[in-house]
Amino acid sequence: MKILLNTILFFVLALSLHAQLTIQLSSIPANTPAGDNIYIAGNLNGWDAEHPSYVLTENNEGVLQIILAVDAGQLEFKFTRGGWETVEGTAAGGFIPNRTYQYDGSEQTIQLQIEGWEDIGGGGNGGSTAASNVSSFDFFIPQLNRNRRIWLYLPPDYETSNANYPVLYMQDGQNVFDVSTSFSGEWEVDESLNSLFDNGDDGIIVVAIDNGGANRINEYSPWVNPSYGGGEGDEYIDFIVETLKPYIDENYRTLSDRTNTGIMGSSLGGLISMYAAIEHQDVFSRAGIFSPSFWFTDECYAQVSNTGKEADMRIYLLAGEQESASMVPDLYAMYNTLLNAGFSQDELFITTHPDGQHSEWYWRREFPDAYEWLFADNVTSTTPPDFTTFQLSPNPTSNELYIEGLEEFTNPRIQIYAVDGQLILPSTFFQGGRINTSFLKEGTYIINIYAEENILLSKKLIIQR
């Protein structure tokens with residue numbers, strides 16, 4: 001009997017040291033894939049996103065739950081479906097901070113809800129929001145033996161001009177143009193660039209590469225984090241540099257030199273964009289680094305220090321003060337690392353915002369400013385003939401437009417298009433270098449001037465009254 005009492009006392013003491021906390025899910029998203037396990041990951045298990053001992057199971061009432069023996073104190077955790085690429089998020093798939101719960105050590109049950117998953121987009125988001133000048137196509141990645149969707153944004157005047165444009169390569173293509181494919185909201189890069197174009201920007205081509213879903217972490221870091229993965233970043237960047245960029249340059253009117261080529265991304269996409277910009281300074285001269293995951297590894301600083309400055313760059317560093325506690329300090333650590341590596345203050349732009357969060361709405365808001373700073377000294381270019389001798393004035397204009405530099409040409413002709421490609425004025429002869437524009441409504445147009453079947457001038461024309 002004494003042995004039995006001692007045994008019971010032992011178990012009572014054990015339970016008092018580690019009482020049971022039961023966590024139940026009262027609801028999960030309707031679009032949760034059938035058959036997917038749901039795990040809890042946090043400071044209670046070393047943030048292991050798929051530990052078999054921390055999978056939720058159904059109780060007798062069919063409710064998903066997990067029973068934990070944990071010490072009293074603050075718990076910090078999230079739910080996943082077996083990896084950080086499938087972590088829980090908002091109902092729209094947006095980022096949420098870690099959950100916290102102050103556990104008092106007693107036996108208790110709490111009920112929680114999962115609103116959405118970061119990797120599942122489109123559920124309830126409605127139709128496509130991509131602009132008409134955005135398209136996509138499937139592309140093979142030979143370096144990784146995978147296929148990937150590529151998004152392509154062409155400037156509004158691409159089809160009606162013979163201009164060549166700078167190119168910006170962006171990560172997480174699902175979130176760049178279209179809310180229906182996004183897993184955390186879209187950047188609205190197409191809307192922003194179209195608006196800037198309407199206000200006088202010369203335009204740019206954007207190539208956005210979908211992330212690899214379950215392979216996202218592996219592809220977005222050349223370095224391995226023992227807890228999260230990584231290690232395929234070199235192959236992924238080789239794909240952009242050696243396969244995708246040559247294809248884009250061959251099939252579209254790009255300015256293919258490094259001074260007209262940029263790369264941009266956020267979070268892990270910011271980490272891999274920073275790596276690419278430093279590793280391939282012969283290819284990229286512009287880098288937009290938004291809320292970068294420099295926490296992933298200290299090797300990102302060592303790479304900058306060991307490589308140093310090899311060419312002039314423009315690097316835009318952005319982070320919000322409402323992100324993780326390490327985000328802004330890490331950003332300034334990279335800024336100082338870049339300075340020590342030989343880059344000048346004029347080549348770097350660093351900015352943080354008190355309201356900034358690790359979210360697409362924040363990156364969407366800040367994209368136009370970053371783009372304009374990164375490509376401030378870039379303008380579209382055209383192939384021969386040389387247009388530097390031709391001038392339109394005034395532009396913007398109201399009722400009259402003067403064209404200088406056409407004196408040596410006989411019977412020049414003019415065409416005017418709307419920015420959506422609609423022909424407004426068919427090919428018409430004109431003389432005297434003066435054009436009556438009173439018939440045009442306020443807005444932005446493309447004016448083409450021809451002589452002897454050759455285009456002499458293709459330029460944006462803005463009508464203001």
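User: In this predicted model, which residues does isoleucine 315 touch, not counting residues up to four places away in sequence?

Analyst: The model is a predicted one. Residues up to four places away in sequence from isoleucine 315 are not counted here. Beyond them, isoleucine 315 touches Met274, Ala287, Ile289, Leu338, Glu347, Leu348, Phe349, Trp373 and Leu374.

User: How many residues has the largest nonpolar core, and which helix gives the most to this core?

Analyst: Tyr169, Val207, Leu244, Phe294, Ile315 and Leu338 are the residues with the most contacts inside the largest nonpolar core. This core has 61 residues. With eight residues, the element that gives the most to the core is helix H5 (residues 268–279).

User: How many residues are in the second, separate core?

Analyst: Trp187, Val189, Phe290 and Trp373 are included in a second core, separate from the one described above. The number of residues in this second core is 27.

User: Which residues form one aromatic cluster with Trp187?

Analyst: Trp187 is included in the second core, as are Phe290 and Trp373. These three residues are also found together in one aromatic cluster. The other members of that cluster are Tyr316, Phe349, Trp363, Phe367, Tyr371 and Phe375.

User: Where is arginine 258, and what is the distance to the nearest side chain of opposite charge?

Analyst: Arginine 258 has its place in the loop between helix H4 (233–251) and strand E17 (261–266). Although buried, arginine 258 has no salt bridge. A salt bridge requires the charged atoms to be within 4 Å. The nearest side chain of opposite charge, that of aspartate 312, is away by 6.4 Å.

User: Which residue has its backbone oxygen 3.3 Å from a polar atom of the side chain of arginine 258?

Analyst: Leaving aside neighbours within four places in sequence, the contacts of arginine 258 include Gln281, Asp282, Val283, Phe284 and Ser285. One of these offers a backbone oxygen at 3.3 Å from a polar side-chain atom of arginine 258, namely phenylalanine 284.

User: What is the angle between the planes of phenylalanine 77 and phenylalanine 79?

Analyst: Phenylalanine 77 is buried, with a relative accessible area of 2%, and phenylalanine 79 is buried at 0%. Their rings form an aromatic pair, 5.8 Å centre to centre. The pair is edge-to-face, with an angle between the planes of 80 degrees.

User: Why is the pair of tryptophan 223 and tyrosine 275 edge-to-face, and how many residues apart in sequence are the parts that this pair ties together?

Analyst: The ring centres of tryptophan 223 and tyrosine 275 are 5.3 Å apart and their planes are at 85 degrees, so the pair is edge-to-face. Both residues are buried. Because tryptophan 223 lies in the loop between helix H3 (216–219) and strand E15 (224–225) and tyrosine 275 in helix H5, the pair ties together parts whose separation in sequence is 52 residues.

Definitions and conventions:
Residues numbered from 1 in each chain as written. Predicted model: local features only at pLDDT ≥ 70, side-chain atom pairs only at ≥ 80, totals over all residues. Heavy atoms only, no water. Core = buried A, V, L, I, M, F, W, Y, C linked by side-chain atoms within 4.5 Å. Buried < 20%, exposed > 50% of the residue type's maximum accessible area, 1.4 Å probe, protein only. Helix = DSSP H or I, 4+ residues; strand = E, 2+ residues; numbered from the N terminus. Contact = heavy atoms within 4.5 Å. Lys, Arg positive; Asp, Glu negative; His and termini not counted. Polar contact = N/O pair within 3.5 Å; in protein donor to acceptor, adjacent residues only side chain to side chain. Phe/Tyr/Trp six-rings, centres within 6.5 Å; stacked < 30°, edge-to-face > 60°.
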